[in-house]
Amino acid sequence: MLALMLAWAVGSAIVPAMPADSASGPTAVTSYVVRPGDTLWSYAMTITPKGGDVSATVEELRDLNHLDSYALQTGQRLVVPVR
């Protein structure tokens, strides 16, 4: 136990504490109602800035909407970041 405490103390002295860094603040959002034929990918393509990463937009939409899959249902309301 003493060795463990000593190791922790030495490790704490060598590695300084780093403050938590959350670069993102509140995200401005709007909503979108899924239309027949929409897929998460096709919708993400329409809101991704030119030259942007569509796959990152897909993942952002999944995270914002707590989606367990990539499937969408007609009439489903999505929370969408304002670009």
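This section describes the confidence of the model, the packing of two helices, a salt bridge and a loop residue.

The structure is a predicted model, and the mean pLDDT of the protein chain is 85, with 75% of its residues at 70 or more. Confidence varies between the elements of the chain: the lowest mean pLDDT, 63, belongs to helix α1, which covers residues 2–14, whereas the highest, 97, belongs to helix α2, which covers residues 40–47.

Helix α2 packs against helix α3, the axes of the two elements coming within 9 Å of each other and crossing at roughly 110°. Because angles of 65 to 115 degrees count as roughly perpendicular, α2 is described as roughly perpendicular to α3. The crossing of α2 and α3 is right-handed, and the contact is made on the α2 side by L40, W41, Y43, A44, M45 and I47, and on the α3 side by V54, S55, T57, V58, L61 and R62. Within this set of residues, S55 of helix α3 and A44 lie eleven residues apart along the chain, and their C-alpha atoms are separated by 8.0 Å. With a relative accessible area of 33%, S55 is partly exposed, since the partly exposed class lies between the 20% limit for buried and the 50% limit for exposed residues.

Helix α3, which spans residues 54–65, also contains both partners of a salt bridge, R62 and E59. Side chains of opposite charge can pair when their charged atoms come close. In the salt bridge between R62 and E59, the closest N and O atoms are 3.8 Å apart, and a distance within 4 Å is what the assignment requires. The two residues are three positions apart in α3, so they are separated by about one helical turn. Their accessibilities place them in separate classes: R62 counts as buried, at 15% relative accessibility, while E59 counts as partly exposed, at 32%. R62 is also listed among the α3 residues that make the contact with α2, and the salt bridge that R62 forms with E59 is the one salt bridge that the structure holds.

A further local feature concerns H66, which is placed in the loop between α3 and β2, the latter being residues 77–81. The phi angle of H66 is near 50°, a positive value in a residue other than glycine. At 68% relative accessibility, H66 counts as exposed, because this class comprises residues over 50%.

Methods. Residues are numbered from 1 along each chain as its sequence is written. This is a predicted model: local features need pLDDT of at least 70, side-chain atom pairs count only at pLDDT 80 or more; totals for chains, interfaces and linings use all residues. Side-chain values use heavy atoms; hydrogens and water are left out. pLDDT is the predictor's confidence in each residue, from 0 to 100. Helices (H or I, at least four residues) and strands (E, at least two) are DSSP runs, numbered from the N terminus. A salt bridge is a side-chain nitrogen of Lys or Arg within 4 Å of a carboxyl oxygen of Asp or Glu. Buried means under 20% relative accessible area, exposed over 50%, partly exposed in between (1.4 Å probe, protein chains only). Axes are lines fitted to C-alpha atoms, for helices over the stretch in contact, and angles run from 0 to 180 degrees between N-to-C directions. Angles under 35 degrees count as roughly parallel, over 145 as roughly antiparallel, 65 to 115 as roughly perpendicular and the rest as oblique. A crossing is left-handed if the near helix is turned anticlockwise from the far one by less than a right angle, and right-handed if clockwise. Contact means heavy atoms within 4.5 Å.
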